Amino acid sequence: GEIDIVARKGDDYYFVEVKTREAGPLATDLAVTPDKIHKLEKTARRYCYQRRIAEVGLIFARVLVVVHTASKRIQFRFAVII
């Protein structure tokens, strides 16, 4: 598996899935499917095991990057998913 972003703040580890969508019907929070969430969690736990990181303070999140091509704007939507 792959993790887009792994970040640490204090004792918390953030595992973040990033999806980019053009503005429209597919630019929803559903861009990160339940299967992808399960794979993210599994990969993060392997990451922690390999680095001897206690599985405490793990935060799983997603960032949806929505591109508005007409107005040349980018919108970021962040949410904790687990």
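Is Phe60 buried or exposed? At 2% relative accessibility, Phe60 counts as buried, because the cut-off for that word is under 20% relative accessible area. We will come back to this residue once we have walked through the rest of the chain.

Keep in mind that what you see is a predicted model. The predictor's confidence, pLDDT, averages 93 over the chain, and 100% of the residues reach 70 or more. Among the elements, strand 1 (residues 5–9) has the highest mean pLDDT, 96, while strand 4 (residues 73–80) has the lowest, 94.

Now let your eye follow the chain. You will find 1 helix and 4 strands, and along the sequence they come in the pattern β-β-α-β-β. The C-alpha atoms fill a box of roughly 45 × 25 × 15 Å, taken along the principal axes. Of the 82 residues, 30% count as buried. If you look at contacts between residues at least 6 apart in sequence, 52% of them join residues at least 24 apart.

What about the outside? The accessible surface of the chain comes to about 5,700 Å², and carbon and sulfur atoms account for 54% of it. The chain also carries 15 positive and 10 negative charges, and the mean positions of these two groups are 3 Å apart.

Let us turn to the aromatic rings. A pair of such rings is described by the distance of the centres and the angle of the planes. In this chain there are 2 aromatic pairs. One of them joins Phe15 and Tyr47: the ring centres are 5.7 Å apart and the planes stand at 80°, so this pair is edge-to-face. It links distant parts of the chain, since Phe15 sits in strand 2 (residues 12–22) and Tyr47 in helix 1 (residues 34–50), 32 residues apart. The two partners differ in how covered they are: Phe15, at 0% relative accessibility, counts as buried, whereas Tyr47, at 21%, counts as partly exposed.

Phe15 also pairs with Phe60, the residue we began with. Here the ring centres are again 5.7 Å apart, but the planes meet at 25°, so the pair is stacked. Phe15 lies in strand 2 and Phe60 in strand 3 (residues 58–68), so this pair ties together parts that are 45 residues apart in sequence.

Put the pieces together, and Phe15, Tyr47 and Phe60 form one aromatic cluster. Try finding these three rings in the structure above, starting from Phe15, which takes part in the pair with Tyr47 and in the pair with Phe60.

Key. Residues are numbered from 1 along each chain as its sequence is written. This is a predicted model: local features need pLDDT of at least 70, side-chain atom pairs count only at pLDDT 80 or more; totals for chains, interfaces and linings use all residues. Side-chain values use heavy atoms; hydrogens and water are left out. Helices (H or I, at least four residues) and strands (E, at least two) are DSSP runs, numbered from the N terminus. Buried means under 20% relative accessible area, exposed over 50%, partly exposed in between (1.4 Å probe, protein chains only). Contact means heavy atoms within 4.5 Å. Accessible areas come from the Shrake-Rupley method with a 1.4 Å probe; for residues, only the protein chains shown count as cover. Lys and Arg count as positive and Asp and Glu as negative; His and the chain ends are not counted. The place of a charge is taken as NZ of Lys, CZ of Arg, CG of Asp or CD of Glu. pLDDT is the predictor's confidence in each residue, from 0 to 100. Rings of Phe, Tyr and Trp (its six-membered ring) pair if their centres lie within 6.5 Å; planes under 30 degrees apart count as stacked, over 60 as edge-to-face and the rest as tilted.
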